[in-house]
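Dear colleague,

I am passing on a structure to you, together with some notes on its charged side chains. Please keep it open while you read.

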Amino acid sequence: MSLSIVLPLYNEEENILPLLNATLPVLSSLTKDFEIVFVDDGSKDKSPQILKELQKEKHIKVYTLKKNMGKATALYVGFQKATKDIIITMDSDLQDDPKEIPLLVQKIQQGYDFVNGWKKNKHLEKGDRLKRLPSLFFNNLTYVLTKVNVHDYNCPFKAYKKQVAKDLFLYGDMHRYIPVQVGNMGYTYTEVVVSNYPRKYGTTKYGSS
């Protein structure tokens, strides 16, 4: 088994090293054949400098976009550069738990092409209840229109067989519809409940809009 971890980021200077320190032991326990692919989406803080130093390490690859292009584009770049059999995506803000990577990998090994995370007990920051309503509306409407049956379409914690990730057509906000694309292409999919932790450093890049 080989694993690629694709991590898009934008202005996450305080989270990069803690995320890496939490992720490396998990990957090392699963396989010796892994890579961590950072895609810097035009960060304006110290993220580029930190990543420049990290890319000297054996298992780490870094790709930098000249300007902020959005999460879908960053994911697309990461997917095209990833080389391993199973690709995992997480956000770079430490709200996803790397210790749960084996849960997603296990589902791929059971034969599924794609695994979607479900933040069933989503942590709500102060003021996030207003953002929660558009999210619920989005998830329910997407199911009604597409019949692709997952609970949390926009959860960043996902697992893919390599070919599935490379087949995705991502631009604009299309990262929110990855499960829909997967279902429409005929790939098999499932979901697993994953944890969601409060952000320790930095600020969220997403509002209710």
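Are Lys119 and Asp96 buried or exposed? Lys119 is buried, and Asp96 is buried as well, where buried stands for under 20% relative accessible area, exposed for over 50%, and partly exposed for what lies in between (1.4 Å probe, protein chains only).

Before going further, please note that this is a predicted model, in which local features need pLDDT of at least 70 and side-chain atom pairs count only at pLDDT 80 or more, while totals for chains, interfaces and linings use all residues. Residues are numbered from 1 along each chain as its sequence is written, and side-chain values use heavy atoms, with hydrogens and water left out.

Side chains of opposite charge can pair when their charged atoms come close. Counting as a salt bridge any side-chain nitrogen of Lys or Arg within 4 Å of a carboxyl oxygen of Asp or Glu, the program arrives at six salt bridges.

One of them joins Lys119 and Asp96, at 3.5 Å from N to O; this pair links distant parts of the chain, 23 residues apart, with Lys119 in the loop between β5 (114-118) and α5 (129-146) and Asp96 in the loop between β4 (86-89) and α4 (101-109). Here helices (H or I, at least four residues) and strands (E, at least two) are DSSP runs, numbered from the N terminus.

Another salt bridge is formed by Lys61 and Glu35, whose closest N and O atoms are 2.9 Å apart. Lys61 belongs to strand β3 (residues 60-64) and Glu35 to strand β2 (residues 34-40), so the pair ties together parts that are 26 residues apart in sequence. Lys61 is partly exposed, at 27% relative accessible area, whereas Glu35 is buried, at 4%.

With best wishes
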